[in-house]
Each structure stands twice: as structure tokens, then as C-alpha cells.
Amino acid sequence: MTDANKGCKITVHWLEQSRAQRIIWLFEELNLKYDIKLYKRGKDLLAPKELQEIHPLGKSPVINIETPSGASKVVAESGVIVDYICKHFGPQLIPKEYPAGKENEVGAETEAFSRYNYFLQYAEGSLMPPLLIYLVFSQLKGPQVPFLVRPITRTIASQVEKQFLNQEIEKQFRFIEAQLGSSGGDFICGSELTGADIMLIFPLQGAIEAKVLDKAKYPNISAYIDRLEAREAWKKAVRVVEEKTGEKYSVAP
């Protein structure tokens, strides 16, 4: 039987309610064996300082790979991790780059590969920033803001949402809805699951949980999320994390 891990020991430094969940899903899709080291957020919702011992920025996800030769490699950032793992352990999650006979020809990349390359970066580069800003401004309207200044912060936050954020977020959702409609399959790059789908699930789930994304308004996105969450590997990833943490899985802290 082939060793999916290629003799490597993989450790996921997993921070609760973080992007690290999709890395667990990726490993389950590829039948990789891995260990989880769990980190809990503080009362300020920030990651503990112990994560800085793994990577100077103290962010999650971070993985550590120990190879049969004794080398140890730390890989950080969701997109980098997904790309690295797919290249070394799951090339089936990367679409074919060129049609036969056009290898390395400029502009000859397949549509599926072009989508993969784009959405691998899009999830964090374009989709997540406005969602994170929305989350921050939502906090300005909440009970954690002192009572006397809350009317001011609430007014400012509402105006930013109205004048900029809501429009930007809706533009992103319309784009994804259209891209799913034109992909030619059940996934963002076509008929097969790719690393790009692994990247997209977290921001879309977060938007739904935060009630920013109305599934009824975007049927393609709604059906897409349902398909991803119905996959056995996703369901197993959730079970693994819930057993490890003793808590129900949630995207948002």
C-alpha cells in the first residue's frame, strides 16, 4: 500500500476558529496522517504567544513537516500551505496546466488551471479583506464599546458599511456566483475538486455565519457550499476537530 505521507510526519498547529480548519480538510481529502497541536484564543480573541515559537508572526495555520531524511520544514500562510501540500502530496488537486503539445507556451494554460491559480490567491487577497473589515466595524456597534461612545462608533460603522463595505462585499459575491455558473462543473475550476475550493470554503462559511451572505440570494454559492460540506472528508475534518477541542466547530470567534 502506498504511503500517502511519503514517510513524512506532519503536524498542524491549529488555532481554534481559524483558517486552519481548511488545512485539516485538505489532509483528509488526501488521506494524509497528521498530528494536531491545539492552541486556544485568549479573552482578546488573539492567538497565544506560543505560536510565535513555531513562526515569528504567531499566526495560524502553520504546519511542520519532518522528512525521512531528518529535515524539518515549517510552512505558513493558507495559500502557500495548500499549494505546497498539493504539489507534494496531492497533484490530483491541481488541474492540468497545459494542453498536450503546448507545454510552457505563454497564454496556452488551460481554463481550469488559470482558475486554480487565480482563486488560490483570490480567497485571501480579494475576498477576505472586506469581510474582515466588516467584522471589525460590526464590533464597533456591539456591547464591548463603552456605552457613552457607542452611538458615535455605531454611526461611523454604519456609514462605512453603507458607503463602501456592503457594495464591495456584494460585488465579490456576485463575482463568485457568476464564476460558479460558468465553471462547467460543481466546483470553482470545473468538474473536479481542487486546492482552490479548499481555499474558498472558509471566507464563504464565515460570511454565512456572520449573516453577511444571504444564501437565498446566491443559489450557486449556496449549492456550492452545500456540496463541499457534504463531502466525507469535510465531515471527518469537522469531527476530528470537535473531538480534539471538545467544542462544536464554528468559523467565527
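A crossing of two helices is called right-handed if the near helix is turned clockwise from the far one by less than a right angle, and left-handed if the near helix is turned anticlockwise. In this predicted model, the crossing of helices H1 and H7 is of the right-handed kind, and the description returns to that pair once the sheet has been laid out.

The sheet is an open one built from 4 strands, which follow one another in the order S2-S1-S3-S4 with mixed pairing. Because strand S2 (35-39) and strand S4 (72-76) each have a single partner strand, they form the edges of the sheet, and one side of each is left without a neighbour there. From one strand to the next, the twist averages 20°. Strands of a sheet pair through backbone hydrogen bonds, in either a parallel or an antiparallel manner. Strand S1 (residues 9-15) and strand S3 (residues 62-66) run antiparallel and are joined by 5 bridges, and within this pairing His13 has Val62 of S3 as its bridge partner.

Helix H2 (residues 78-89) packs on the sheet, where it touches S1, S3 and S4, and its direction makes about 130° with that of S4. Helix H7 (residues 232-245), for its part, lies across S1 and S2 and runs at about 50° to S2.

Helix H7 also meets other helices. Its axis and that of helix H1 (residues 20-29) come within 8 Å and cross at roughly 125°; angles from 65 to 115 degrees count as roughly perpendicular and those over 145 as roughly antiparallel, and H1 and H7 are therefore oblique to each other. On the H1 side the contact involves Gln21, Ile24, Trp25, Glu28 and Glu29, which meet residues of H7 including Ala233, Trp234, Ala237 and Val241.

With helix H6 (residues 219-230), the axis of H7 comes within 5 Å, and the two cross at roughly 70°, so that H6 and H7 are roughly perpendicular to each other. Leu228, Glu229 and Ala230 of H6 make this contact with Glu232, Trp234 and Lys235 of H7. Trp234 thus appears in the contact with H1 as well as in the contact with H6.

Helix H3 (residues 111-139) can be checked against its expected length. At 1.5 Å a residue, its 29 residues should span 42 Å, and the end C-alpha atoms are 40 Å apart, which agrees. H3 nevertheless contains a kink of about 55°, centred on Tyr122.

Key: Residues are numbered from 1 along each chain as its sequence is written. This is a predicted model: local features need pLDDT of at least 70, side-chain atom pairs count only at pLDDT 80 or more; totals for chains, interfaces and linings use all residues. Side-chain values use heavy atoms; hydrogens and water are left out. Two strands pair if DSSP finds at least two bridges between them. Axes are lines fitted to C-alpha atoms, for helices over the stretch in contact, and angles run from 0 to 180 degrees between N-to-C directions. Contact means heavy atoms within 4.5 Å. The expected span of a helix is 1.5 Å times one less than its number of residues. The bend at a residue is the angle between axes fitted to the seven residues ending there and the seven starting there. Angles under 35 degrees count as roughly parallel, over 145 as roughly antiparallel, 65 to 115 as roughly perpendicular and the rest as oblique.
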